[in-house]
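Work through the exercises below with the sequence and the model side by side. Try each task before reading its solution.

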Amino acid sequence: MPPDPFLRVERVSKRHVPRGFQRRPIAPDAPPALHEVSFDLARGRLLGLVGASGAGKSTLARALALVEPPDSGAIFFEGCNLWAARPEERARLRARIQLIPQQPAASLNPRLTAARV
C-alpha cells in the first residue's frame, strides 16, 4: 500500500465573490472558479498547473496557501486537514507553505538559493 500523499486535494470548489464597490450576489449560473478539483501529490514530486486565464490556478494556489478558504472540499497537507485545523495550527502550517508568483524574478532575490532562504 503506498504511503499517504504529502498533499491531497479532495473535491475542492470555489466561487468568486464580487469585491470592491459592486457587492452584488453571484449569479446562480456563473461558473465556479474551481469545481471539484482533486489530486494527490507525493513528497518530492512536482505539479505544474496549466490553464487559460481565469481557469482557477491562482484560486487553487490561494486555498493551498491558507489565504482563501474553499467553499467545499478538503485540502490535506501531511495528513492535516488545513481548513479544519484550529487557527493556531493553521498559523504554524502557513509558515511552511509558500507561493511562488507567476513572475518570480520580480519578487525573488536571484542571489539566494532556495536552500539559503
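The exercises go from the overall layout to single residues.

**Conventions.** The model is predicted, so local features need pLDDT of at least 70 and side-chain atom pairs count only at pLDDT 80 or more, while totals for chains, interfaces and linings use all residues. Residues are numbered from 1 along each chain as its sequence is written, and side-chain values use heavy atoms, with hydrogens and water left out.

**Exercise 1. List the secondary structure elements and give their pattern along the sequence.**

Step 1. Helices are DSSP runs of H or I with at least four residues, strands are runs of E with at least two, and both are numbered from the N terminus. By this rule the protein chain has two helices and four strands.

Step 2. Reading along the sequence gives β-β-α-β-β-α.

**Exercise 2. Work out the strand order of the sheet and locate its edges.**

Step 1. Two strands count as paired if DSSP finds at least two bridges between them. The four strands form an open sheet in the order S2-S1-S3-S4, with antiparallel pairing.

Step 2. S2 and strand S4 (80-81) each pair on one side only, which makes them the edge strands.

Step 3. Look at the two pairings of S1. S1 and S2 are antiparallel and share five bridges; here Arg-8 stands opposite Asp-40 in S2, and Lys-14 opposite Leu-34 in S2. S1 and S3 also run antiparallel, joined by five bridges, with Glu-10 opposite Ala-74 in S3.

**Exercise 3. Find the largest nonpolar core and the elements that build it.**

Step 1. Buried means under 20% relative accessible area, exposed over 50%, and partly exposed in between (1.4 Å probe, protein chains only). A nonpolar core is a set of buried Ala, Val, Leu, Ile, Met, Phe, Trp, Tyr and Cys residues joined through side-chain atoms within 4.5 Å.

Step 2. The largest such core has 16 residues, and those with the most contacts inside it are Leu-7, Val-9, Leu-64, Ile-75, Leu-82 and Ile-97. At least two core residues come from each of strand S1 (7-14), strand S2 (34-41), helix H1 (57-64) and strand S3 (72-77). In soluble globular proteins, nonpolar side chains tend to be buried together.

Step 3. Take Leu-7 as an example. Contact means heavy atoms within 4.5 Å. Beyond its neighbours within four places in sequence, Leu-7 contacts Phe-39, Asp-40, Leu-41, Leu-64, Ile-75 and Phe-76.

Step 4. For the chain as a whole, buried residues make up 23% of the 117 residues.

**Exercise 4. Determine how H1 sits on the sheet and which residues it buries.**

Step 1. H1 lies across S1, S2 and S3 and runs at about 60° to S2. Axes here are lines fitted to C-alpha atoms, for helices over the stretch in contact, and angles run from 0 to 180 degrees between N-to-C directions.

Step 2. The buried residues in H1 include Thr-59, Leu-60, Ala-63 and Leu-64. They lie on the same side of H1, because they cover an arc of only 135° around the axis; the arc is that of the directions from the helix axis to the C-beta atoms. Their cover includes S1, S2 and S3.

Step 3. Thr-59 has a relative accessible area of 6% and is therefore buried. Apart from neighbours within four places in sequence, Thr-59 contacts Lys-14, His-16, Ala-33 and Leu-34.

**Exercise 5. Describe the surroundings of Leu-93.**

Step 1. Leu-93 is in helix H2 (residues 87-94). Its relative accessibility is 1%, so Leu-93 counts as buried.

Step 2. Not counting residues up to four places away in sequence, Leu-93 touches Leu-66, Phe-77, Cys-80 and Leu-82.

Step 3. Glu-78 is 15 residues from Leu-93 along the chain, and their C-alpha atoms are 9.9 Å apart.

**Exercise 6. Check Arg-11, Glu-36 and Leu-66 for positive phi.**

Step 1. Arg-11, in strand S1, is not a glycine but has a positive phi of about 50°. Arg-11 counts as exposed because its relative accessibility is 52%.

Step 2. Glu-36, in strand S2, has a positive phi near 50° and is also a residue other than glycine. With a relative accessible area of 38%, Glu-36 is partly exposed.

Step 3. Leu-66 comes just after H1 and takes a positive phi of about 65°.
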